[in-house]
Amino acid sequence: MARRAVTMTTAAFTATAALLLTACGGSDESSPEDIKGAGGGSPSASASASASGDTADVKRPDVSVPGDLKLVFDFEKPSDTDEAAALGDAANFIRALDHGIAQQDPNDPAYQFYSTGGAQKYAKSQIEAWVKDGWTVTGEDRYFNADLESVGQGDSTLVTFCRNQAKFYSKKIKTGKINYTDENLDSYQKFSLLMSPSESSAAVWQARQIEVQGRVEECKG
């Protein structure tokens with residue numbers, strides 16, 4: 001239970017993303033803070049908000065994680081404000097997913113705030129699997145090499161990045177036993193998230209679709 005499941009194929013992801021483009025719109029004029037570096041521990045809701053370009057009238061959910069889990073987002077802040085917001089909230093989606101696992105709540109409002117459509121279904125299914133087996137998360141989870149591409153009419157952004165989960169472990173809730181695993185090619189994944197502004201607030205970007213590729217050599221290099 002130390003690895004998250006691979007989801008859609010590339011072809012299916014591309015086809016679904018194309019269907020979603022006409023429904024996505026809006027942009028955020030605010031400027032997010034630099035999101036390079038660690039994002040683990042127990043960040044405050046206001047810290048998470050500033051990391052993704054929030055405005056004062058949007059209340060964001062708590063995405064804090066336990067102190068024994070460190071999330072590292074080694075991303076350079078894009079100069080474009082929309083891209084920076086998309087990347088920031090892609091990171092918040094990952095935080096929200098781990099927050100839901102730590103809370104053992106498949107209906108946690110955090111991931112629902114930062115996702116919709118297929119990405120929201122993915123997050124719920126992942127949390128359900130961890131809860132069913134009685135596991136939570138611990139260790140260090142690192143995300144890096146982010147790349148952004150405008151899609152459609154420029155109202156959506158495809159965010160891709162690598163993951164190194166070599167030090168990311170599952171921990172049995174009842175016993176506290178940690179399932180340690182050795183670093184190997186399975187440790188390296190590539191995430192692709194289709195991000196667009198929320199229909200309720202252009203200040204919030206949501207993941208609409210997600211693809212996770214496993215055993216990615218380019219991420220290991």
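**Figure 1. Helix H3 from end to end.** In this predicted model, helix H3 covers residues 81-103, which makes 23 residues. From its first C-alpha to its last, H3 reaches 32 Å, close to the 33 Å expected at 1.5 Å a residue. Most of H3 is covered, with 19 of its 23 residues buried.

**Figure 2. The two ends of H3.** Look at the start of the helix to find Asp80 and Asp82. Here a side-chain oxygen of Asp80 comes to within 3.0 Å of the backbone nitrogen of Asp82. Now follow the chain to the other end: just after H3 sits Gln104, which takes a positive phi of about 55°.

**Figure 3. Ile101 and its surroundings.** Ile101 is found in helix H3. Is Ile101 buried or exposed? Its relative accessible area is 0%, so Ile101 counts as buried, the cut-off being under 20%. Which residues does Ile101 touch, not counting those up to four places away in sequence? They are Ile127, Trp130, Trp135, Thr136 and Val137. Gln126 makes a helpful landmark for this view: it lies 25 residues from Ile101 in sequence, while the two C-alpha atoms are 8.2 Å apart in space.

**Figure 4. A salt bridge from H3 to a loop.** The structure holds six salt bridges, and this view shows the one between Asp89 and Arg60. The closest N and O atoms of this pair are 2.8 Å apart. Asp89 belongs to helix H3, whereas Arg60 sits in the loop between helix H2 (45-51) and strand S2 (69-74). With their positions 29 residues apart in sequence, the pair links distant parts of the chain. Both partners are covered: Asp89 is buried, and so is Arg60.

**Figure 5. A salt bridge between two strands.** The side chains of Arg163 and Asp141 meet in a salt bridge, at 2.9 Å from N to O. Which strands does this pair link? Arg163 is in strand S4 (residues 156-164), and Asp141 is in strand S3 (residues 135-151). The two residues are 22 apart in sequence, and they too link distant parts of the chain. Arg163 has 0% relative accessibility, so this residue counts as buried. Asp141 is buried as well, because its relative accessibility is also 0%.

**Figure 6. A salt bridge between helix H6 and strand S7.** Here the side chains of Glu218 and Lys190 meet, with 3.3 Å from N to O. Glu218 lies in helix H6 (residues 217-220), and Lys190 lies in strand S7 (residues 188-197). This pair, 28 residues apart, links distant parts of the chain. Is Glu218 buried or exposed? Its relative accessibility is 55%, so Glu218 counts as exposed, the cut-off being over 50%.

**Figure 7. Stepping back to the protein chain.** After the close-ups, here is the setting they share. How many helices and strands are in the protein chain? There are six helices and eight strands. Read along the sequence, they follow the pattern α-β-α-β-α-α-α-β-β-β-β-β-β-α. The protein chain has 221 residues, and 50% of them count as buried. Among contacts between residues at least 6 apart in sequence, 72% join residues at least 24 apart. The accessible surface of the protein chain comes to about 9700 Å², and carbon and sulfur atoms account for 48% of that surface.

Conventions: Residues numbered from 1 in each chain as written. Predicted model: local features only at pLDDT ≥ 70, side-chain atom pairs only at ≥ 80, totals over all residues. Heavy atoms only, no water. Helix = DSSP H or I, 4+ residues; strand = E, 2+ residues; numbered from the N terminus. Expected span 1.5 Å × (residues − 1). Buried < 20%, exposed > 50% of the residue type's maximum accessible area, 1.4 Å probe, protein only. Polar contact = N/O pair within 3.5 Å; in protein donor to acceptor, adjacent residues only side chain to side chain. Contact = heavy atoms within 4.5 Å. Salt bridge = Lys/Arg side-chain N within 4 Å of Asp/Glu carboxyl O. Areas by Shrake-Rupley, 256 points an atom, 1.4 Å probe, with all protein chains shown as cover.
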